[in-house]
Amino acid sequence: GTSQGVWRNSNLRAIPVYNNNPSSINWDHLTTFPSGPAVTALAVSRSGSRNLYYLTSSGTVHRVVSAHTAEPIADPDWLNSGTQMLGKWGSSLVVHPDDDQQLLVALSNYSIESLWYTDDGGANWTVVEGNLAGDDGPSVRTVALVPFGGNDIYFAGTSTGLYSTLELDGDQTVWTQESADLIGNVVVDMLATRAADGLIVAATHGKGVFSVNIPTETAAPDLPISTSCLAQNAPNPFNPRTTIAFVLGADGHAALEVFDLRGRLIRTLIDQQLTAGEHSVIWDGVDQAGHSVSAGTYLYRVRSGGWSEQRKMTLLE
């Protein structure tokens, strides 16, 4: 990506190694549009189409169909003409690996609508910054997507840390801060993901690089007895029953609770004295009053002594 559009190379291995001179070998000027605003982000769909999507410093989003075979100089589609995205600095975009009609775009500045989503290839766009919106909201620097257990986890690296959500729901989208105790509130400049094993890597401004493998197994993992820890529920997603397992490192009073994404208590599953060791409980998808809850994403949290840990789970229709 350049200030004069996009260049494509079909075989980088043909360029001689240990060569410090500029090389034109196998480089094609795929598209000269736009001329002036810089291309600030690139993404290629992993589905059969191999469409190229790119974002510019003026907030425009473009697509080159079948970018691996398109003839230079290709005439790109303009996907967001007429939206309020225009004129804003485009910082990042991600394309769903299995559906190239779904794009998430980040515009980086303060006091603007910074996160935009389309599920129809750019015909219609929705603002999805949710609780990150407002004059006090952070600027968004980078976005990423990891398919997870039949669902998708969306990530946003911002000026106040790393956030995630399992559901893009317009202005009702709830973004939850990740690793507040480790990554903290530093600027997250870049994210990289690998769908095969749920790897996500976050690069920060001045604090280093962090990584985690999102668990993708459907069975409850073996848990160490030496310390308190909370497992991912299994199965996940589920309908209507799922098992939540955890370990207490010491005897004590424990509470296991289920919340919605707005933080409202849905169900208390455990509230009693427990011994150290492994424990598990089944949640059958009903609230405190015995009513079935609606499909969606929920949080479950266990507390004992000074220790607390929470995770997300998804109830399917």
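How many bridges join β3 to strand β4? Keep that in mind as you open the viewer, and remember that what you are looking at is a predicted model.

**Stop 1: colour by confidence.** Start with the pLDDT colouring. The protein averages a pLDDT of 89, and 95% of its residues reach 70 or more. Now select residues 216-226, where the pLDDT drops below 50. Leaving aside near neighbours in sequence, that stretch makes 18 contacts in the model.

**Stop 2: a four-stranded sheet.** Next, bring up the open sheet that runs in the order β3-β4-β5-β6, with its strands pairing antiparallel. At its edges sit β3 (39-44) and β6 (77-78), each of which pairs on one side only. Zoom in on β3 and on β4, which covers residues 52-56. Here is the reply to the opening question: five bridges join these two antiparallel strands. To see one of the matches, click Val39 and look across to β4, where its bridge partner is Thr56.

**Stop 3: around β9.** Select residues 115-118, which make up strand β9, and show the side chains. Which residues point one way, and which the other? Leu115 and Tyr117 go one way, while Trp116 and Thr118 go the other way. Whichever way they point, all of them are buried.

Now add the neighbours. Strand β8 spans residues 99-107 and pairs with β9 over four bridges, in the antiparallel sense. Pick Val105 and you'll find its bridge partner in β9, Trp116. Then show strand β10, residues 126-127, which runs antiparallel to β9 and is joined to it by two bridges. For a residue match here, go to Tyr117: its bridge partner in β10 is Thr126.

**Stop 4: aromatic rings.** The model holds four aromatic pairs. One of them is Trp283 with Tyr298: the ring centres are 5.7 Å apart and the planes meet at 70 degrees, and since an angle over 60 counts as edge-to-face, that is the label this pair gets. Follow the chain between the two and you'll see that the pair links distant parts of it, 15 residues apart. Trp283 belongs to strand β22 (residues 277-283), and Tyr298 to strand β23 (residues 296-304).

Are these two rings' residues buried or exposed? Trp283 has 0% relative accessibility, so it counts as buried. Tyr298 is buried too, with a relative accessible area of 6%.

Before you leave, add Phe238 to the selection: together with Trp283 and Tyr298 it forms one aromatic cluster.

Methods
Residues numbered from 1 in each chain as written. Predicted model: local features only at pLDDT ≥ 70, side-chain atom pairs only at ≥ 80, totals over all residues. Heavy atoms only, no water. Buried < 20%, exposed > 50% of the residue type's maximum accessible area, 1.4 Å probe, protein only. Pairing = 2+ DSSP bridges. Phe/Tyr/Trp six-rings, centres within 6.5 Å; stacked < 30°, edge-to-face > 60°. pLDDT = per-residue confidence, 0-100. Contact = heavy atoms within 4.5 Å.
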